[in-house]
Amino acid sequence: MSAPAQHPILDPAAAPPFPAAALPVLRNAQLRKNVAHATDVIQGKRNRLVAEKTDWTELRESASAIRAHTLEHLGEYLAEFEERCTLAGGVVHWAADAGEAREIILRILQEEKADEVIKIKTMTSAEIQLNPFLRQNGVRAYETDLAEIILQLGEDEPSHVVVPALHVNRAQVREIFARTMNLPELSDDPQALTAAARTYLRKMFLTVPTAISGANYLIAETGGVAIVESEGNGRMCLTLPRTMITLAGIEKVIPRFRDLEVMLQVLARSATGERMNPYTSLWTGVTPGDGPQHFHVVLLDNGRSAMLRREMERQTLKCIRCGACMNTCPVYRQTGGHAYGSVYPGPIGAILTPQLQKLEHAQTLPYASSLCGACYDVCPVKINIPEVLIDLRAQVTEKERAEDRRFFDPIYVGMRVANWVFASAGRFRLAQRAARLGLRLFTRKDGWIHALPGVGGRWTMTRDLRGLPQQTFREWWAKERGR
Ligand code: SF4
């Protein structure tokens, strides 16, 4: 069965290159204000709570070590998880790619004769484009996380891994709810908005007998699943339905139950700036008379095994989707998430998406970074994102060179010319003089260049360039010595 049509802003195969996708956002003052405000608030809370933890460095080291160890022994831990989960009454399915995962989930739903399903927020389901696929096949999926409801009703897509509707403000939420829930008198008071969402959700919780969740962690030792959330919608989905389907990437496993002690501490602080998530739910298999009586886990590969084979890139899979790297990234904070053309935006998206796409798409994403290193500083599992970005850039360049795609690219030609010029002091001096003369034409009285023609215009399109000084340091020095 063919892949469903995905919202173009979240389909890396159809999304425009990052610079083109970022441009309209950069011109959208309201969206940038929403993103800046939300990331400031979350980042401030995160920084305060990290600062109060005197053993934060050790916690971070432990979290990083747990994730690295797990990835080194991933096969063993997945096998252990499958065995324990099956013993506890769960059914484990393996999906090599998005298509297989979608088919498995649809088959389970058809066996259950389900034409509706309630969902706990899961980025992995967005990765495999599950909702549009289910819709095509006659199953309606209802999101139950407040932010996901806003996006679903507003026909929008997530722009952040923890706060998916971060780009939407209160007035916009009111407009969406008033229109789609037929509540013209609704105010934009947060309590009124959440009450409206509560009423909307309650009916679904009580009537839809099948649920889909993601997983924050799969625990190999017990065969259990852990999710954290803030609204209690996850808890409702875990207790009321008859059938629960958990979709999780294979990297979500952790070895032991006690590892949660570390992982939950770093996740809550990094993700939402809380000491503990309001709801932490753990479930293992099925218990007669209590909670869902049919439990399935779909383990998704979808390019992850290939990532494991590359030592440098493997660390990408340590990610626990806390979103801290997004909140601190100077690029994400300007462009928001949609410009990344993937459900995984920000610095982690810039390294994860191209790898999941096997560098077939999203090749501009590794360049969506200033390499300032802020993402590495905040990452609770110490993923060296700048290091991976540079490695991916090298791979993209190699690929383009092998395909001769860059031969006539003006930037590539410019870099080759620069290489030739910089290789000789005489050529460099001549180039400096020529540039000084040429740029004088475009330098304004304030000493800045605001617009350049041709390929140089790509730079001045979004920023100004300082005009060249009339004298280089070497010229000044030679003159001084000659006095
Ligand atoms: S890369 Fe690190 S900071 Fe970014 S989402 Fe993943 S765990 Fe969080």
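What percentage of the 483 residues of the chain count as buried? In this predicted model, the share that counts as buried is 51%. With that in hand, let's walk through the structure together, from the whole chain to single residues.

## The chain as a whole

The fold contains 23 helices and twelve strands. Its radius of gyration comes to 25 Å, close to the 23 Å expected from the globule rule for 483 residues, so the chain is as compact as a globular protein of that length. If you would like to set up a box, the C-alpha atoms fill roughly 95 × 55 × 50 Å along the principal axes.

The contacts tell a story too: among those in the chain with a separation of 6 or more, 74% are between residues 24 or more positions apart. As for the surface, about 23,300 Å² is exposed, and carbon and sulfur atoms supply 55% of this area.

## Strands and their partners

A short reminder before the details: strands of a sheet pair through backbone hydrogen bonds, in either the parallel or the antiparallel sense.

Strand β10 is a good place to start. It spans residues 294-300, and six of its seven residues are buried, so β10 is largely enclosed by the rest of the structure. Strand β1 (residues 91-95) pairs with β10 in the parallel sense, and so does strand β7 (residues 243-249).

Strand β2 (residues 116-119) also has two partners to look at. One of them is β3 (residues 140-143), in a parallel pairing; another is β4 (residues 210-213), which runs parallel to β2 as well.

Elsewhere, four strands make up an open sheet with mixed pairing, in the order β8-β5-β6-β9. Its edges are β8 (253-254) and β9 (279-283), each of which pairs on one side only. Within this sheet, β5 (residues 217-219) and β8 are parallel.

The table below lists these parallel pairs with their bridges and one pair of facing residues for each.

| Strand pair | Bridges | Facing residues |
|---|---|---|
| β1 and β10 | five bridges | V92 and V297 |
| β7 and β10 | seven bridges | T243 and H294 |
| β2 and β3 | four bridges | E116 and R140 |
| β2 and β4 | two bridges | I118 and A211 |
| β5 and β8 | two bridges | I219 and I254 |

## A buried serine

Is S64 buried or exposed? S64 sits in helix α3, which covers residues 56-72. Its relative accessible area is 11%, and because the cut-off for burial is under 20%, S64 counts as buried. Which residues does S64 touch, once those up to four places away in sequence are set aside? They are K318, P380, V381 and K382.

## A nonpolar patch on the surface

For contrast, turn to the outside of the model. I411, M415 and V455 form a nonpolar surface patch, and together they offer about 290 Å² of accessible area. M415 belongs to helix α20 (residues 410-422). Why does M415 count as exposed? Its relative accessibility is 56%, and the cut-off for exposed is over 50%, so M415 falls in that class.

## Putting it side by side

Two residues in helices show both ends of the scale: S64 in α3 is buried at 11%, whereas M415 in α20 is exposed at 56%. Among the strands, β10 has six of seven residues buried and pairs in the parallel sense with β1 and with β7.

Definitions and conventions: Residues numbered from 1 in each chain as written. Predicted model: local features only at pLDDT ≥ 70, side-chain atom pairs only at ≥ 80, totals over all residues. Heavy atoms only, no water. Pairing = 2+ DSSP bridges. Patch = residues over 30% accessible without salt bridge, like charges linked within 9 Å, V, L, I, M, F, W, Y side chains within 5 Å. Areas by Shrake-Rupley, 256 points an atom, 1.4 Å probe, with all protein chains shown as cover. Salt bridge = Lys/Arg side-chain N within 4 Å of Asp/Glu carboxyl O. Buried < 20%, exposed > 50% of the residue type's maximum accessible area, 1.4 Å probe, protein only. Rg over C-alpha atoms; globule rule 2.2 N^0.38 Å. Contact = heavy atoms within 4.5 Å.
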